[in-house]
Amino acid sequence: MSQAETEAQALLRSGALYPDRVGLRPRDDLLIFFGVKHGACSLYFGDDPSYHFDLEGRWLRCYVDPSHLIRRLDGSTQAIDRPRVNHQMLLDRRTLDGTEAAALDESIRRMALDLIDRLDSGAVSLVPPPAPARSIEADRLRAMLSRITRWDADRWAEHRRSFADTYGPLPILPPDSQDALVLQATHPSASGDGAEARSPEAFAAHCRAVADLLGRGIVPYRNLFLAGPDVLRRPPEEVEAFLRIATSTFPLAESPAPARRSDLPVDRPHREGIHVMLGAADGPVPDAAAWARYQGLGLRRVTFGLAFGAVSDPALPIAPLDGLRRLIAEARAARIAVSLLIWPGSIAPSAEARERDQAAALISSLGLGKGDHVYTVEDDEAAGPTTALRAALAPLRQTLGVKVLPYRLKKQGL
């Protein structure tokens, strides 16, 4: 009976996302896979563990049985486990403490050091992939592994200090912007009372600091997120300055992305546009002419927050209903995609059906269309009402081409 193919073997044979790849064959052990894709590289040891890095050598995520681990931009580490309780698979997310995170960082660094030693001593041999994939030569492999080994405790500490100097508290990111590069045009004030907008000069310095912080780690970001729920309520000339500065520092692609992400050069950015969220802050909102100018400067998606049921938390980025239909119509007319993020409130069981029907009728009347998205925020307390609301909105996909999807804030550690 033939042995089942490991993940590493399968990726070497047919891992289309990795146009540049190679196998490492140890003596009397399972094949190791190393591959480079757009803006990132990966290592698979048989089926596990597996590790994923940016082009600076920072690890981004890894799977070490039984946990999936994620390194966040601020340098913290989250572990995601899927325990089975009463025959049900659950999702358990936690942040590693400093000691655990440091031990994981050092284990990854030593893994790369060990591979370099084995490569230099001949303890592993290189196995080229089948055509048309490009094989990675030993010197290039050694150089990438060396970048990984430089991320010791001191360098991670410096990264965390640079992050703190560059960013204020990170905002809640809309679902479509989870993987966007965050640029903070506005940020919470030092007093904690409201938000402050950066001057154009300060925003330009912030963008340069972000570029320095990430280095070649900026390559895989497909979108920019102009952070601050009040940023679109700033004077139009300020908003336009923010958009120009963002795309000057992080240029957008001049042509659409290829159908296959593997067709992108592995070290060349391909950014598609800028995302922003419009919340219930004070100040005017864009008019039709402003939306058109913003679109010409790279704005591609705007997210609005809506309340479902009784929601009174002032910290949530919920947009007022007044003028929402006009805002959505004018944004869409300017070829800006729209997302709605539906926040659940405390709803009495006797009122659930009425609230759901009213919310579904409102959302259906907003003039959404193809390319627009509706997300229902899921939490343990409101799972029933929001699941029912999502089911009530499901026909929007067939009738208008609108995607209706769930979104769990635990994805952000909230």
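**Classifying Contacts, Burial and Backbone Geometry**

Analyst: Glutamate 240 and arginine 244 form a salt bridge, their closest N and O atoms lying 3.9 Å apart. The model discussed here is predicted.

User: Why is the contact between glutamate 240 and arginine 244 called a salt bridge?

Analyst: The criterion requires a side-chain nitrogen of Lys or Arg within 4 Å of a carboxyl oxygen of Asp or Glu. The separation of the closest N and O atoms is 3.9 Å, so the pair qualifies. Both residues belong to helix 6 (residues 236-249), where they are four residues apart, about one turn of the helix.

User: What makes glutamate 240 buried and arginine 244 partly exposed?

Analyst: Buried means under 20% relative accessible area, and partly exposed lies between that limit and 50%. Glutamate 240 has 12% relative accessibility and therefore counts as buried. Arginine 244 has 46% and therefore counts as partly exposed.

User: How do you know that aspartate 20 and arginine 134 meet in a salt bridge?

Analyst: Their side chains approach to 2.6 Å, N to O, and the limit is 4 Å, so the contact is a salt bridge. Aspartate 20 is in strand 1 and arginine 134 in strand 12 (residues 134-135), so this pair ties together parts 114 residues apart in sequence. Aspartate 20 is buried at 6% relative accessibility, whereas arginine 134 is partly exposed at 47%. Asp20, Arg134 and Arg140 are linked in a network of salt bridges.

User: How many salt bridges does this rule give?

Analyst: The count comes to 21 salt bridges. Among them is the one between arginine 109 and glutamate 106, at 3.1 Å, N to O.

User: Why is the pair of tyrosine 18 and phenylalanine 33 called edge-to-face?

Analyst: A search of the whole structure finds seven aromatic pairs. In the pair of tyrosine 18 and phenylalanine 33, the ring centres are 5.2 Å apart and the planes meet at 80°. Rings pair if their centres lie within 6.5 Å, and planes over 60 degrees apart count as edge-to-face, so both conditions are met. Tyrosine 18 is in the loop between helix 1 and strand 1 (20-26), and phenylalanine 33 is in strand 2 (residues 32-37), 15 residues apart. Tyr18 and Phe33 form one aromatic cluster with Tyr44.

User: Are tyrosine 18 and phenylalanine 33 buried or exposed?

Analyst: Tyrosine 18 has a relative accessible area of 5%, and phenylalanine 33 has 0% relative accessibility. Because the limit for buried is under 20%, tyrosine 18 and phenylalanine 33 are both buried.

User: What makes the backbone of aspartate 28 notable, and where is this residue found?

Analyst: Aspartate 28 has a positive phi of about 55° although it is not a glycine. Most residues other than glycine have a negative phi. Aspartate 28 is found in the loop between strand 1 and strand 2. Its relative accessibility of 82% is over 50%, so aspartate 28 counts as exposed.

User: Which peptide bond joins aspartate 48 and proline 49?

Analyst: A cis peptide bond joins aspartate 48 and proline 49, with omega about 5°. Proline 49 lies in the loop between strand 3 (40-45) and strand 4 (50-54). The bond from aspartate 65 to proline 66 is also cis, with omega near 10°.

User: What makes glutamate 7 eligible for a negative surface patch?

Analyst: A patch residue must have over 30% relative accessible area and no salt bridge. Glutamate 7 has 36%, so it passes the accessibility condition. The negative surface patch is formed by Glu7, Asp47, Asp48 and Asp65.

Terms used. Residues are numbered from 1 along each chain as its sequence is written. This is a predicted model: local features need pLDDT of at least 70, side-chain atom pairs count only at pLDDT 80 or more; totals for chains, interfaces and linings use all residues. Side-chain values use heavy atoms; hydrogens and water are left out. Patches are made of residues with over 30% relative accessible area and no salt bridge: like charges are joined within 9 Å, nonpolar side chains (Val, Leu, Ile, Met, Phe, Trp, Tyr) within 5 Å. Accessible areas come from the Shrake-Rupley method with a 1.4 Å probe; for residues, only the protein chains shown count as cover. Lys and Arg count as positive and Asp and Glu as negative; His and the chain ends are not counted. The place of a charge is taken as NZ of Lys, CZ of Arg, CG of Asp or CD of Glu. Buried means under 20% relative accessible area, exposed over 50%, partly exposed in between (1.4 Å probe, protein chains only). Rings of Phe, Tyr and Trp (its six-membered ring) pair if their centres lie within 6.5 Å; planes under 30 degrees apart count as stacked, over 60 as edge-to-face and the rest as tilted. Helices (H or I, at least four residues) and strands (E, at least two) are DSSP runs, numbered from the N terminus.
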